[in-house]
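Colleague: I'm new to reading structures, and I keep getting lost. Could you walk me through one, feature by feature?

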Amino acid sequence: MHSVFGRGNAMAAYTLSVLAGLTFCCFLSTVFLDYRTPATINTRQVVVKSIPDYSASREKNDLGYQSVLLLFSLIFVAILNCCTHLTHLFNWNVKQLFLYVTAEYQTPSNEFNQVVLWDKIILRGENAVIDLKNIHAKYYFWDDGNGLKGHKNVTLTLSWNIIPNAGLLPNVGAIGSHSFSFPPEYTTSRV
Amino acid sequence: MDAWDDFKRMNKRQMLYQALSFGMIVSSALMIWKGLMVVTGSESPIVVVLSGSMEPAFQRGDLLFLTNNQEDPIRAGDIVVFKVEGREIPIVHRVLKLHEKSNGTVKFLTKGDNNNVDDRGLYAPGQLWLQKNHVVGRARGFLPYVGLVTIYMNDYPHFKYAVLVALALYVLIHRE
Amino acid sequence: MDFFSNIPTHMDYKGQGRSEKLSRMIITLFGVVGLVWGYYIQQFSATVYVLGAGFLLASILTIPPWPMYRRKPLNWQKPRPPPREDGADTQSPKSKKKK
């Protein structure tokens, strides 16, 4: 504290430790919160088509491997009539929500499958009221194999990953999901 | 230089003491790191985000805390840190698709939030899926900006050596 | 150059203590107020800004050697007559230094 520089240095160090303490308080105040919220999802039209997945089958072509593509282009999932209020999730320690819709199912070849069909980033301050109709899936729904035709029970759930200012990164599933089945025949229509 | 004068005035015993306290700092840092490795099960429990491919969630210089508990299954939406053959630096991306067999083997595909396409182009040539052995850890905790110093060190190697030398000299020479 | 070297940067002993105490009080106070305010409006950046304001205020108030930190100068003893040649360096002041 004997010189101007010494005083400035000590003060900056003290301010930084106070900042660390405040950040920790902010983290503590939100760490036990429950971020679950009801959401509704449903599908409008579901078709299944047999199409090789060229991005994943360069090697597997010679094994006669064919992936199965679900076509969303024809109004696949009119999802997310949902989560009318994610706004309340944005407390002072939430920087961003990463929303994603996962299809979960079981096939003879794989016991557990998850495919993300759609996602969205909601930053703090943006509209967090989700009410979407007739949206198309963002990513192709390719099975690993051909287990989708006639599949009886595919479950769609909405989840979100919370990105805080500082703290944990929980993945939270919405309360409520939607199950649907695929038609037993491949579609022939071009979409 | 004050510190240098201090140093010249030390006797043998004091110099040994300085060297010992320097060793103490180094070894306790190592201990904490290795201890964290045991607790989290990850070979690198704390990583600094080096690219902008997960923006706006993670910026360059943010710090991530990882765990890699084997009982805890990987699920779609998880943020994983993985290593690909032929690439030195681990990548932090989100799981997009995942297929798990009944014997527990799992394969999955990742994508960066800020990227338009999935990561197959980043994997080793011909590699289509990631597996458990590629995973360094899964992001569980987040602290912004703290790793910025590391970023500068990576970008300017001279700066890194300057900082390291200055720190070592300070610890060795400075008297308690 | 003379002008710069003549700017006083020195605080007296009591003044240093007072300036440190004052700066800590200001920063802590702003930190606490910022925390409450940020929680109230649920915006952590507000907390950080309030703390930054506290830092600026504390810098202005306690870094420059304002006259209030220079009120109690030490009363030095009058310089003694120069010591004799013999035994002059047995009591060198080298070993004690400020921390």
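Modeller: Sure! Let's start with a single residue. Leu33(A) sits in the loop between α1 (4-30) and β1 (47-50) of chain A. Keep in mind that this is a predicted model.

Colleague: Is Leu33(A) buried or exposed, and why?

Modeller: To judge that, you count neighbours: a residue with 12 or fewer other C-beta atoms within 10 Å is called exposed, and one with 20 or more is called buried. Leu33(A) is exposed because it has 12 other C-beta atoms within 10 Å. You can also look along the chain: Leu33(A) and Ser17(A) are 16 residues apart in sequence, and their C-alpha atoms are separated by 26 Å.

Colleague: What does UniProt say about that part of chain A?

Modeller: The unreviewed UniProt entry lists "transmembrane region" for residues 12-33 and 68-90 of chain A. When you see a record like that, check it against the model. Over residues 12-33 of chain A, the chain is 86% helix and 0% strand, with the end C-alpha atoms 33 Å apart.

Colleague: Which residues of the other chains carry that annotation?

Modeller: In chain B, the unreviewed UniProt entry gives residues 15-33. That stretch of chain B is 100% helix and 0% strand in the model, and its end C-alpha atoms are 27 Å apart. For chain C, the unreviewed entry covers residues 21-40 and 46-69. Residues 21-40 of chain C come out as 100% helix and 0% strand, with 29 Å between the end C-alpha atoms. Residues 46-69 of chain C are 71% helix and 0% strand, and there the end C-alpha atoms are 32 Å apart.

Colleague: How many helices and strands are there in chain A as a whole?

Modeller: Chain A has one helix and eight strands. Reading along the sequence, you meet them in the pattern α-β-β-β-β-β-β-β-β. Of the 191 residues in chain A, 36% are buried. Another handy thing to look at is how far apart in sequence the touching residues are. Take the contacts in chain A between residues at least 6 apart in sequence: 74% of them join residues at least 24 apart.

Colleague: What about chain B, how is it divided into domains?

Modeller: The domain assignment splits chain B into domain 1 (1-40), domain 2 (46-144) and domain 3 (147-175). The C-alpha centres of domain 1 and domain 2 of chain B are 36 Å apart.

Colleague: Now strands. Which strands pair with β4(B)?

Modeller: A good habit is to pick one strand and list its partners. Strand β3 (residues 79-82) of chain B pairs with β4(B) in the antiparallel sense over four bridges, and Phe82(B) has Ile91(B) as its bridge partner there. Strand β5 (residues 106-111) of chain B is also antiparallel to β4(B), joined by six bridges; look for His99(B) opposite its partner Lys107(B). The hairpin of β4(B) and β5(B) has five residues between the strands, and Gly104(B) takes a positive phi near 95 degrees there. Then comes a partner from another chain: strand β4 (residues 112-123) of chain A runs antiparallel to β4(B), with four bridges. In that pairing, Phe112(A) stands opposite Glu100(B).

Colleague: And where do the side chains of a strand point?

Modeller: In a regular strand they alternate between the two faces of the sheet. As for burial, β4 (residues 91-100) of chain B is mostly covered, with ten of its ten residues buried.

Colleague: Which residues have the most contacts inside the largest nonpolar core?

Modeller: They are Leu97(A), Val101(A) and Val92(B), in a core of 71 residues. Strand β3 (residues 96-105) of chain A supplies the largest share of this core, seven residues.

Colleague: Last one: how many residues of each chain are in contact where chain A meets its neighbours?

Modeller: Take each pair of chains in turn, then ask which elements and residue classes take part. Between chains B and A, 24 residues of chain B are in contact with 28 residues of chain A. On the chain B side, β4 and β7 (135-143) are the elements that give two or more residues. By class, that side has eleven nonpolar, five polar and eight charged residues. The contact between chains C and A takes 25 residues from chain C and 20 from chain A. Here α2 (13-41) and α3 (44-62) of chain C give two or more residues each, and α2(C) gives the most, with twelve. The chain C side has nine nonpolar, 13 polar and three charged residues.

Technical notes:
Residues are numbered from 1 along each chain as its sequence is written. Chains are lettered from A and ligands numbered from 1 in the order in which they are written. This is a predicted model: local features need pLDDT of at least 70, side-chain atom pairs count only at pLDDT 80 or more; totals for chains, interfaces and linings use all residues. UniProt positions are given in the numbering used here, feature names are shortened, and annotations may be inferred rather than shown by experiment. Two residues are in contact if their C-beta atoms, placed from the backbone, lie within 7 Å. Ala, Val, Leu, Ile, Met, Phe, Trp, Tyr, Cys and Pro count as nonpolar, Asp, Glu, Lys and Arg as charged, and the others, Gly among them, as polar. Two strands pair if DSSP finds at least two bridges between them. Domain bounds come from an automatic or database domain assignment. A nonpolar core is a set of buried Ala, Val, Leu, Ile, Met, Phe, Trp, Tyr and Cys residues joined through C-beta atoms within 7 Å.
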